[in-house]
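Let's take a walk through this model, stopping at a few aromatic side chains and then at one helix. Have the structure open as you read.

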Amino acid sequence: MTDSATAALDADVSPVTTERTDAAWAAVVSLMLGAFSQVTAEFLPASLLTPIATDLGVSVGAAGQVVTATSLVGIIAGLATAIVTRAMDRRVVLWSLTVLLIVSNLLSATASNLPILLLARVLLGISLSGFWAMATATAMRLVPAEALPRAISLIFSGVSIATVSAAPIGAYLGDLWGWRNVFLLAAAVGAVVLVFQMLTLPRLPPLTSPDVRTLFVLMRRPSVRLVMIAIAVSISGHFAGFTYVRHFLEQVPQLPVTAISLVLLAYGVGGFFGNFAGGVLVARSAKLAIVTGSAAIAVLALVLFVFGASGLVAGIAVGLWGFAFGVLPVGFQTWMVRVASDEAESAGGLLVSAFQVAITVGAVVGGILVDGFGPFGAVGYLAAATLAGALLVLLSRSGGEVPA
């Protein structure tokens, strides 16, 4: 080997190169922490709904609309963030979204009535959907193309950790300290994330000026419309059930708060492993993953409907429900990318909005059914909607899926 070649190899592994690589991955970690803090704030109401309703003097169904507020504004925020902020440095956009998260949690902790709490959750909807609209695109600019899958996996590990921990810890700490202090803790977590992001994210000037016309082009594709309809059906069923899962566990098997915390922990752990199962299934077919996950949730909802009075059965069913749901986001995201690979970023914005529409519909319908028919109302809709979603995808001939 020549001296010049040796020098070139030495340059490749020089301290400067290593420092740059470490800095890039530190920035990716900051996105992972951002995902954790956002999803934690999103999931807290499901574990705190009963004490929130009691403290604010409203029904459980009315309190459940804090989920609706987050998702409703998220429908627009996911699509609009890149357009509205197109002249801003992307790191400043991410910092601003984290600040909005902190303000939302502080406002939630001090809310004296339901309208103020709803306003706080509107702010979270902007922050949450804006973050997900920006996260993957930011990761693409931080690491080389060959490292992008690892970076995305690291970011989504924040979601998995929040899924496992947010609901059960929220329920436990809410019973120990009160629900307001749980939101204060979430604000403190957001503050730590903001500091880390400010220390690690490099300057990221905007590269393009986004246009909304691409969204309408994509919506004219039957395969894209099918993905969005399937999301609207299956995911609305899931959130109709999950938003009121604590209410169900309190009223039907009549579990104490400590047991509910363990059941929600089982749900989170199930979701964590369900993500990996979804990865295995989408390697064969994204549609297979969606059919499997949706059909499994429908079966488990029927188990809750018939045998839910048993605390053991209810706990196992909710844990398996978490596993089955963990398959769905992986399946839907992969399916959308495959049918719109030429416009993946715009398709991702549509995916975020479709999820938010489904969450909104699920929370509204679930609240109406819980107030009108009791805890079994939301579970019945969970079973019907997820079964319909599975059949829709299974019987469709226009999915347009391209094998991996």
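Keep in mind that this is a predicted model. Start with two phenylalanines: Phe332 and Phe355 are both buried. How do their rings sit relative to each other? The ring centres of Phe332 and Phe355 are 6.1 Å apart and the planes meet at 85°, so this pair counts as edge-to-face, the label for planes over 60 degrees apart. Phe332 belongs to helix H14 and Phe355 to helix H15 (residues 344-373), so the pair ties together parts that are 23 residues apart in sequence.

That pair has company, as the model holds 10 aromatic pairs. Another one is Phe131 with Trp132: their ring centres lie 5.1 Å apart with the planes at 75°, so they are edge-to-face too. Phe131 has 2% relative accessibility, and because buried means under 20%, it counts as buried. Elsewhere, ring pairs join Phe43, Phe242, Tyr267 and Trp321 into a cluster.

Now over to helix H13, which covers residues 286-307. With 22 residues, H13 reaches 31 Å from its first C-alpha to its last, close to the expected 32 Å. Right at the start of H13, a side-chain oxygen of Ser285 comes to within 3.3 Å of the backbone nitrogen of Lys287.

Which residues of H13 are buried? Among them are Ala286, Lys287, Ile290, Val291, Gly293, Ile297, Leu300 and Leu304. The buried residues of H13 pack against several helices: H10 (222-242), H11 (245-251), H12 (257-284), H14 (311-339) and H16 (375-395). You've met H14 already, as the helix that holds Phe332.

Terms used. Residues are numbered from 1 along each chain as its sequence is written. This is a predicted model: local features need pLDDT of at least 70, side-chain atom pairs count only at pLDDT 80 or more; totals for chains, interfaces and linings use all residues. Side-chain values use heavy atoms; hydrogens and water are left out. Helices (H or I, at least four residues) and strands (E, at least two) are DSSP runs, numbered from the N terminus. The expected span of a helix is 1.5 Å times one less than its number of residues. Buried means under 20% relative accessible area, exposed over 50%, partly exposed in between (1.4 Å probe, protein chains only). Contact means heavy atoms within 4.5 Å. A polar contact is a pair of N or O atoms within 3.5 Å; within protein, one must be able to donate a hydrogen and the other to accept it, and residues adjacent in sequence count only if both atoms are side-chain atoms. Rings of Phe, Tyr and Trp (its six-membered ring) pair if their centres lie within 6.5 Å; planes under 30 degrees apart count as stacked, over 60 as edge-to-face and the rest as tilted.
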